[in-house]
Amino acid sequence: MSQYQAPITDIYFNLFNVWQLDQYWSQQAALSDTVDIDTTKAIIEEAAKICEQQIAPFSAIADQQGAKLVDGKVKLPEHYHKIYQSLSEGGWTALSGDPEYGGMGMPKTLSMMVDEMLCSADIAFSLYQGLTAGACVALLQHADEQTKALYLPKMYSGEWSGTMCLTESHAGSDLGIMRTTAKRDSDGSYLINGSKIFITAGDHELTSNIVHLVLAKLPDASAGSRGISLFLVPKFLPDAAGEPAERNNITVGSLEHKMGINGSATCVLNFDDAKGYLIGEPHRGLACMFTMMNYERLSMGSQGLGAAERAYQNALGYAKERLQGRITEKDGNKAEAIIGHADVRRMLLNIKAMNEAGRTFATWVASLLDKAKYDNCPVAADRANLLTPIAKAFMTDQGFEACVTAQQIFGGHGYIKEWGMEQLVRDARIAQIYEGTNGIQAADFMLRKVAHDQGVVLLALLAEIKAEVLAKPIVQCLVLADYITKLEATAATLLVQNTRAQSANACDFLALVSNVLYGYMWYKSLSALNSELHTEAFISAKQQTAAYFFTRILPKAEGLFALLSHDSAPLDTLTIDQF
């Protein structure tokens, strides 16, 4: 019974009004002949139709059927094959690919909007295309020309798909202790031996071949993560014509039985003298793989937002129709729609305000990636690097919270499968865990992004935002400058702490920065409203939602300021036995 309608109006608002990306595209030689407003609208509207009509209505069926291992082969929900073929034939698997190898060459800001819609429609299904896109990014940046020419066109076309194989049963985030090995063979390739777990889209029959990017250690590897190399290990070895031929020595040990995303084949893969090919330099594999991981971390933000958007739409529809309780005393015998209840409105506004700010934030991060790529802009690259853990951690935290809140609006019906809310809760939960848990994202943000350069990138960004807010003040947003000033002071305090204290404060600091930046997103949205471009209803809704954010959500940051002002020492005073 769960429905979905793509938020096209808000997508256009962010692309063309808030960030004015059509103007940016027209000024870039690599984009001016590729994308404009009309092209964008055609892509967004067609993607919306596919997500609304071909994918979203069947996500519950995919959840029920799930992926299954039968006689050594992975079987997916039957309708996945038809949908994937449709996406491939329509060029959707090549949307952001390099035109030199058959890609459409669209900017990240556009592909990220499509990612959100796919995640709203069915997170599990979106992973097959998403992992392939990430693998393509890694190959494009680090593979040699011969490898790119052979693999990228088939991956962009959707004929072949891709995975990343990092995790082992004993080695999750600590990749330095992995046991998978690679030994050079006589023909210059490598023999890969080991077992990887939690491999998303690890095996299936949607495509004729699967390209695994595998981390392993060479015999002369040093200890720790500096000794890891990256290898391309195809399911089927290409023949002289580049077509899948001999089956490589890769087997599916099992499928994980998961809480959610049941349509996604999460595999244990065993490599037994599997033939692989070195990507990049020896012992530099982790740096190569991080190219893909950073791409996937941004995609996690799309997962959080996509799930939250669908949850909101269904909770809103239910709240308008569900008659329960008396809000006024006009007619004591007549029940009223629950959207009139203060608490229901509170829950809906919490989701709406964070969803819309999240979409603006996602567009901002994607635009920074585009500027880093097309302008070779180091400032944009540094800021995208800074904001990536926020996109992954904060957006997925908010996504899960939104799904739980929306489920609450349904009351008892939210706990019943047929309404679709419990599936969204289950599916959204994983985004906070994989691609580096959100605790690890917070540590990365605090230690590697902020403390590492003594806050140079963050503080410069905050100073720029504050100057913009003060130069063009908006009454609703005047408080934002004060929050930024307090945030700058808090950052300065944390920067002089030792690493242990910074680690203890990392999650709360990421949440604090995120909330303030979401305030900036609302400032940008209000600044972009124009009576000549937008309806009175649209403008009013944005203004009222922003007012709710600044008065009912952002003030929660005061608690984080207070928390971060206290000594973190009590974290370590309890002995292990006392736990």
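Student: How many salt bridges does the structure hold?
Tutor: Keep in mind that we're looking at a predicted model. Side chains of opposite charge can pair when their charged atoms come close. Going through the structure for such pairs, the count of salt bridges comes to 24.

Student: Let's take Glu116. Which residue does Glu116 form a salt bridge with?
Tutor: Look for the partner whose nitrogen sits 2.7 Å from an oxygen of Glu116. Glu116 is in helix α6 (residues 108-121) and its partner is in helix α10 (residues 342-374), so the pair ties together parts 243 residues apart in sequence. That partner is Arg359.

Student: Is Arg359 buried or exposed?
Tutor: Buried means under 20% relative accessible area. Glu116, across the bridge, has 1% relative accessibility and so counts as buried. Arg359 also comes out at 1%, so its class is buried.

Student: Which residues are linked with Glu116 and Arg359 in a network of salt bridges?
Tutor: This pair belongs to a wider set of linked residues. Besides Glu116 and Arg359, the network takes in Asp10, Glu309, Lys352, Glu356 and Lys542.

Student: Now the bridge between Glu159 and Lys154. How does Glu159 count in terms of accessibility?
Tutor: The closest N and O atoms of this pair are 3.8 Å apart. Lys154 is buried, with a relative accessible area of 13%. Glu159 has 39%, and since partly exposed lies between 20% and 50%, Glu159 counts as partly exposed.

Student: And how far apart are the closest N and O atoms of Lys449 and Asp444?
Tutor: Lys449 is buried, and Asp444 is buried too. They form a salt bridge, with the closest N and O atoms at a distance of 2.5 Å.

Terms used: Residues numbered from 1 in each chain as written. Predicted model: local features only at pLDDT ≥ 70, side-chain atom pairs only at ≥ 80, totals over all residues. Heavy atoms only, no water. Salt bridge = Lys/Arg side-chain N within 4 Å of Asp/Glu carboxyl O. Helix = DSSP H or I, 4+ residues; strand = E, 2+ residues; numbered from the N terminus. Buried < 20%, exposed > 50% of the residue type's maximum accessible area, 1.4 Å probe, protein only.
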